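Here is a friendly walk through one protein chain, meant to be read with the structure open beside you. Take a moment to turn the model around before reading on.

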Amino acid sequence: MMRRSFELIGAVLAGGAVTLLWSDGSVWSFLGAVAGSLAWLAVDNWRARRVLAWLREPSASTLPAVGSIWGDVVDRSRRVFKLLNRKARKSNARLQELLAAIQASPDGVVLLSKEGTIEWSNLMAGEHLGFDAKRDLGQRIRNLVRDPAFIAYLNRRDFSQPVEIDGRKARPGHPQRIAIQIFSYAKGRRLLLTRDITAIELAETMRRDFVANVSHEIRSPLTVIVGFIETLQTLPLHERERAHFLDLMRQQAQRMQALVDDLLTLSRLEGSPDPDDSQWVAADDLLAEAGSQAQALANVLHGGQQTIELRPGPTLDVAGVRGELLSAIGNLLSNAIRYTPAQGRVEAGWRLLPDDSVEFYVSDTGPGIAAEHLPRLTERFYRVDRSRSRESGGTGLGLAIVKHVAQRHGGQLLIESTPGLGSTFRLRFPPARVLVR
Ligand code: ADP
């Protein structure tokens, strides 16, 4: 500003001198020209200072009212500021939206500085790794996440694979596994992503267990069959012995067949959409069909001594798939007959409940089931007494099928049992799936 003033004064003096040469040559004219120029210069300077002061803290409310070219400068600057402001607001809104989107992500996101301190983190990362996404900003991540596997991962500096650690919510019996992976970006900065992989690991464990169980269930009867085949091939047997061995082989083959049938039923149940209410099945008809199969089973297993009572109850229809409902009811009846001794009693039927829901029930006077087994009974291949289940032709999949069918029909499977006295299994359907005729 100072320099500009000197320049202007110089210009004014030079201007005055020129005026002097070209005009009448009087000193008064020269002084008049210089005084006028200085006055103009002072006003111009004053305007420039006001504009400069405003430019330091520009705001619409403090707009300086200066005329001449300075007025234009103010006006143009105001427009440029307005435009820049609008752009800044827009990009800030975008940034906030982006952060909100990352905040809503089910995965954890942490931005790390070159020094490994947290520059930004969403809440999920804090939940996964056990730090406070706001309070711990600026902290070094290795001071907050002390898991040895994670520290080793940081030290290794090879981030091509993720590392897995226990999550903050992990408790004995309630695992939580978190996968963490780091990606490098701009100038040594790092992006750290976290993901809760508990469900994936659980599903993988279940899949492995299932394959192991199926293989084991198939291997046992197969081993028996192969053994008998070798015996039949190598030993000269009497006709009676041959018939006996062939009968044992048939039993084992049937066991495998039952297992494969149940596996196929389960995979069909898992792979098809839930049944709607476009088909209605007569409840008494289901009971009659499953009842006659149950009676046949009781004759084989208990020589017809067991008491089986079927109570059809009110005449009603249930919405659903006949084959599935028959399989569920049949499984419950078959269990009651298989686990109840010959002198025992099995009662099964339909009943309408006060809230208009309907249940199929099977009560038996069998050995009952201890309370600690009840929550696990519907797991695949879970058996209270393994040898007893196998002896009576059980696959260990019956109740898993029943539970699936119940859920697909909007219903539930309820189990009550008293060891030594017997059990009651109930298949309950909601009123929307029932039509009382
Ligand atoms: P399984 O083919 O072994 O019978 P399920 O899934 O049908 O398989 O039943 C699981 C286990 O529940 C059985 O192995 C048995 O121990 C127990 N169970 C089922 N029904 C009864 C019952 N009525 N009485 C006693 N125990 C039962």
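Where is the place of E324? E324 sits in helix α10. Please keep in mind throughout that this is a predicted model.

**The residue E324**

E324 has a relative accessible area of 12%. That value is under 20%, so E324 counts as buried. Setting aside the neighbours within four places in sequence, E324 is in contact with L269, P275, V405, R408 and H409. The helix that holds E324, α10, spans residues 322-339, and we will meet α10 again in the nonpolar core.

**The chain as a whole**

Let us step back to the overall picture. The protein chain is built with 12 helices and 13 strands. Its radius of gyration is 44 Å, whereas the globule rule gives 22 Å for 437 residues, so the chain is more spread out than a compact globule. The C-alpha trace tells you about the extents too: along the principal axes, it spans about 155 × 60 × 35 Å.

How much of the chain is buried? Of its 437 residues, 36% count as buried. The accessible surface of the protein chain comes to about 25,800 Å², and carbon and sulfur atoms account for 57% of that surface. Among the contacts with a separation of 6 or more, 56% join residues that are 24 or more positions apart. As for charge, the protein chain carries 56 positive and 48 negative side chains, and the centres of these two sets lie 12 Å apart.

**The largest nonpolar core**

In soluble globular proteins, nonpolar side chains tend to be buried together. In this model, the largest nonpolar core holds 44 residues. Those that touch the most other members are I329, L332, L333, W350, F360, V362 and L427. Which elements each supply at least two residues of this core? The helices are α8 (239-271), α9 (283-302), α10 (322-339) and α12 (398-408). The strands are β8 (316-319), β9 (345-352), β10 (358-364) and β12 (422-429). With 8 residues, α10 gives the most to this core.

**Other residues worth a look**

A handful of further residues can be picked out in your viewer. G411 lies in the loop between α12 and β11 (412-418). Beyond the neighbours within four places in sequence, G411 is in contact with A406, R428, F429 and P430. From C-alpha to C-alpha, G411 is 9.2 Å from E359, although 52 residues separate the two in sequence.

L297 belongs to helix α9. Leaving out neighbours within four places in sequence, L297 is in contact with S334, I337 and R338. L297 and Q407 are 110 residues apart in sequence, and their C-alpha atoms are 27 Å apart in space.

D385 is found in the loop between β10 and α11 (386-391). D385 and I369 are 16 residues apart in sequence, with 10.0 Å between their C-alpha atoms.

Two more loop residues have a backbone feature to check. R157 is placed in the loop between α6 (148-156) and β3 (163-166), and its phi is near 65°, a positive value in a residue other than glycine. D356 is found in the loop between β9 and β10. D356 is not a glycine either, yet it has a positive phi of about 70°.

How do these residues compare in accessibility? The table sets out the values.

| Residue | Relative accessibility | Class |
|---|---|---|
| E324 | 12% | buried |
| G411 | 14% | buried |
| L297 | 25% | partly exposed |
| D385 | 35% | partly exposed |
| R157 | 60% | exposed |

The cut-offs explain the classes: buried means under 20% relative accessible area, exposed means over 50%, and partly exposed lies in between. At 60%, R157 is therefore exposed. L297 at 25% falls in the partly exposed class, and so does D385 at 35%.

To close, return to where we began. E324 is a buried residue in helix α10, and α10 is the element that gives the most to the largest nonpolar core.

Technical notes
Residues are numbered from 1 along each chain as its sequence is written. This is a predicted model: local features need pLDDT of at least 70, side-chain atom pairs count only at pLDDT 80 or more; totals for chains, interfaces and linings use all residues. Side-chain values use heavy atoms; hydrogens and water are left out. Helices (H or I, at least four residues) and strands (E, at least two) are DSSP runs, numbered from the N terminus. The radius of gyration is taken over C-alpha atoms; the globule rule is 2.2 Å times the number of residues to the power 0.38. Buried means under 20% relative accessible area, exposed over 50%, partly exposed in between (1.4 Å probe, protein chains only). Contact means heavy atoms within 4.5 Å. Accessible areas come from the Shrake-Rupley method with a 1.4 Å probe; for residues, only the protein chains shown count as cover. Lys and Arg count as positive and Asp and Glu as negative; His and the chain ends are not counted. The place of a charge is taken as NZ of Lys, CZ of Arg, CG of Asp or CD of Glu. A nonpolar core is a set of buried Ala, Val, Leu, Ile, Met, Phe, Trp, Tyr and Cys residues joined through side-chain atoms within 4.5 Å.
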